[in-house]
Amino acid sequence: MSSQIPNITILGSLNTDLVAYVPHHPLPGETLTATSFLTSPGGKGSNQAVACAKLSRPRDLSSPSAHVSMVGAVGSDSNGDLLLSNLATHGVDSSLVTKLPNKKTGIAMIVVEAETGQNRIIISGEANHQVGEEYVTQGGWLDKTDLLIMQLEIPMGTVLKAVEEAKRRGVDVLLNPAPAKILPDGVYDGLRHLVVNETEAAILGGVEEKELDTLEGLERVGKGFVGKGVENFIATLGGRGVFYLTKGGRSGLIEAEKGVKVVDTTGAGDTFVGRYALEAARARKEGGEFDVGGAVGRANKAAAVTVTREGAARSIPWRDEVE
């Protein structure tokens, strides 16, 4: 791994996305005919790795601003081969992704409403459920990492072990707790970056989602996480923009990009995490002050490109498309 650019490692899920575009989300008992269908690489872990890689370099893969690695597992099927190929194509180091014999690769079934781009997702984790705590310490990869990114699509015990080991080694962690699950308070103590959407913020913050409709409500929930030890709290709010609050008391609400034609929101959050992570890792590597507001603004712009395209990983822009 290069010592001149930051090393970002994603410990998380890899799935094959089965995506159907429909006129509207089906009602209970209703059968719909999709207007189109596609199969593509996905999984929040894989998507965020691809986002970091694509947004750190132009389409010819030259002059990357970060080294990006993926830690996880796929099955011994053709879907696993597709995911490994997808990582390599976009410049992600997949040497720490295990191909498990006699296991299936994770699957995500996604229904996208054509008019709004809003989605509904059902996940069958499969090989992702086999990513045990041993993945955290094998190969010594954590000692070479500047920023560790995780979600909650792998076993909780593995996430908690990784948080513990990262703290012990002084490695920054960006946690995107999706799908949302209640976490021990100790996870938040010293957590450098917490990135959530409205639903996740409400569930983890123990409030009703409507409380996040106002700036006061966002600040109240954000202060709750900062009070538990989070240094940078980020809440993505869809069409309303992004709210942030830091341990040092800085806060802001950055409006959503204007005039964006939303086609598919599936990869927007992962794109946001990828662009934000690049800013955070660079600041960490260079030892300079982290401009949270600037990072949020640039991540917001990148995500606005993603929602104008179909799919998840395939919709994420390259660096030269957003600069």
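**Exercise 1. Buried or exposed: which word fits Phe233 and Phe243 in this predicted model? And how are their two rings arranged?**

Step 1. Start with the surroundings: Phe233 is buried, and Phe243 is buried as well.

Step 2. Now look at the rings. A ring pair is described by how far apart the centres are and by the angle between the planes. For Phe233 and Phe243, the centres are 6.4 Å apart and the planes meet at 65 degrees, so we call this pair edge-to-face. The cut-off you need here is an angle over 60 degrees.

Step 3. Place the two residues on the chain. Phe233 belongs to strand E11 and Phe243 to strand E12, so the pair ties together parts 10 residues apart in sequence.

**Exercise 2. How many aromatic pairs does the whole structure hold, and which arrangement do Tyr188 and Phe225 adopt?**

Step 1. A search of the whole structure turns up five aromatic pairs.

Step 2. Take Tyr188 and Phe225: their ring centres sit 5.3 Å apart with planes at 65 degrees, so this pair is edge-to-face.

Step 3. Find them on the chain. Tyr188 is in the loop between strand E9 (172-175) and strand E10 (193-197), while Phe225 is in helix H6 (residues 215-227). The pair links distant parts of the chain, 37 residues apart.

Step 4. Check the burial. Tyr188 has a relative accessibility of 1%, so it counts as buried. Phe225 is buried too, at 2%.

Step 5. Put the pieces together: ring pairs join Tyr188, Phe225, Phe233 and Phe243 into a cluster.

**Exercise 3. UniProt puts a "binding site" at Asp264, Thr266, Thr306, Arg309, Gly311 and Ser315. Why can we say that they gather at one spot?**

Step 1. Note where the label comes from: it is a UniProt feature from an unreviewed entry, covering Asp264, Thr266, Thr306, Arg309, Gly311 and Ser315.

Step 2. Weigh sequence against space. These residues span 52 residues in sequence, yet no two of their C-alpha atoms are more than 9.6 Å apart, so they gather at one spot. Of this group, Thr266 is included in the lining of the largest pocket.

Step 3. Zoom in on Asp264. You'll find Asp264 in the loop between strand E13 (251-254) and helix H7 (268-286). Its relative accessibility is 0%, so Asp264 is buried. Setting aside residues up to four places away in sequence, its contacts include Thr306, Arg309 and Gly311. Tyr21 is another residue that Asp264 touches, and their side chains share a polar contact of 2.7 Å.

Step 4. Do the same for Thr306. Thr306 sits in helix H8 (residues 292-306) and is buried, again at 0%. Beyond its neighbours within four places in sequence, Thr306 is in contact with residues including Asp264 and Ser315. Its side chain also makes a polar contact of 2.8 Å with the side chain of Thr271.

**Exercise 4. A second UniProt "binding site" includes Gly241 and Asn300. Where are these two found, and what do they touch?**

Step 1. Read the record: this feature, from an unreviewed entry, covers Asn197, Thr236, Leu237, Gly238, Gly239, Arg240, Gly241, Gly269, Asp270 and Asn300. Among the members that help line the largest pocket are Gly241 and Asn300.

Step 2. Gly241 is in the loop between strand E11 (232-236) and strand E12 (242-246). With 2% relative accessibility, Gly241 is buried.

Step 3. Asn300 is in helix H8. At 10%, Asn300 counts as buried, because the cut-off is under 20%.

Step 4. Look at the contacts, leaving out residues within four places in sequence. Gly241 touches Ala235, Thr236, Ile254, Glu255 and Ala256. Asn300 touches Val242, Ile254, Glu255, Ala256, Glu257 and Phe272.

**Exercise 5. Which peptide bond is cis, and where do Ser63 and Glu126 lie?**

Step 1. Recall the background: phi is negative for most residues other than glycine, and most peptide bonds are trans.

Step 2. A cis bond joins Ala178 and Pro179, with omega about -5 degrees. Pro179 is in the loop between E9 and E10.

Step 3. Ser63 has a positive phi, near 40 degrees. Ser63 lies in the loop between helix H1 (44-55) and strand E4 (67-75) and is partly exposed at 48%.

Step 4. Glu126 has a positive phi as well, near 50 degrees. Glu126 lies in the loop between strand E7 (119-124) and helix H3 (134-137), and at 30% it counts as partly exposed.

Technical notes
Residues numbered from 1 in each chain as written. Predicted model: local features only at pLDDT ≥ 70, side-chain atom pairs only at ≥ 80, totals over all residues. Heavy atoms only, no water. UniProt positions renumbered as here; feature names shortened; annotations may be inferred. 1 Å grid on protein atoms, 1.4 Å probe; cavity = no way out; pocket = protein on both sides within 12 Å on 5 of 7 lines; lining within 4 Å. Helix = DSSP H or I, 4+ residues; strand = E, 2+ residues; numbered from the N terminus. Buried < 20%, exposed > 50% of the residue type's maximum accessible area, 1.4 Å probe, protein only. Contact = heavy atoms within 4.5 Å. Polar contact = N/O pair within 3.5 Å; in protein donor to acceptor, adjacent residues only side chain to side chain. Phe/Tyr/Trp six-rings, centres within 6.5 Å; stacked < 30°, edge-to-face > 60°.
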